[in-house]
Amino acid sequence: MGKSGYELGRLPWRSNKEPMKLQNRTTSEPVRRELIDENRASYLLGVPRDQLREICEMSGLGHLEQTATAIRLVFTYEELYKLCRLIVGPSS
């Protein structure tokens with residue numbers, strides 16, 4: 001039969017469209033830091049929440065954030081990465 005769009009060297013759904021333009025961020029615009037709560041961090045790291053709390057107490061990673069209704073443990077992506085490295089251990 002015929003060749004697919006990939007084999008012809010073009011992408012069929014982008015054939016008649018202009019390339020996507022990325023938005024430029026100005027230097028005065030603040031960098032948005034996303035926070036991950038402990039439930040999501042527990043899921044992403046694959047450890048129970050209680051174990052995650054123990055690791056956080058020993059490592060000093062994570063910080064408490066007060067909301068209107070409660071105090072919760074949150075992580076930045078950098079802290080989440082460091083937790084991942086702690087849990088996995090040294091790589092070969």
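In what order do the 3 strands of the open sheet lie? To find out, select the strands of this predicted model, and you will see that they form an open sheet in the order β1-β3-β2, with antiparallel pairing. The edge strands, each of which pairs on one side only, are β1, at residues 36–37, and β2, at residues 63–66.

Next, keep β2 in view and add β3, residues 71–75; these two strands run in the antiparallel sense and are paired over 4 bridges. If you pick out E65, you will find R72 of β3 standing opposite.

Now move to helix α1, which covers residues 38–45, and show the side chains of E38, A41, S42 and L45, which are buried. Looking down the axis of α1, you can see that its buried residues fall within an arc of 100°, so they line one face of the helix. An α-helix has 3.6 residues a turn, so residues three or four places apart point the same way. To see what covers the buried residues of α1, select β1, α2 (49–59), β3 and α3 (77–88), which are among the covering elements. Just after α1 comes G46, a residue with a positive phi near 75°.

Finally, colour the chain by pLDDT, whose mean is 77, with 63% of the residues reaching 70 or more. Select residues 11–15, where the pLDDT is below 50 and where the stretch has 6 contacts in the model beyond near neighbours in sequence. Where pLDDT is low, the predicted coordinates should not be read in detail.

Methods. Residues are numbered from 1 along each chain as its sequence is written. This is a predicted model: local features need pLDDT of at least 70, side-chain atom pairs count only at pLDDT 80 or more; totals for chains, interfaces and linings use all residues. Side-chain values use heavy atoms; hydrogens and water are left out. Two strands pair if DSSP finds at least two bridges between them. Buried means under 20% relative accessible area, exposed over 50%, partly exposed in between (1.4 Å probe, protein chains only). The arc is that of the directions from the helix axis to the C-beta atoms. Contact means heavy atoms within 4.5 Å. pLDDT is the predictor's confidence in each residue, from 0 to 100.
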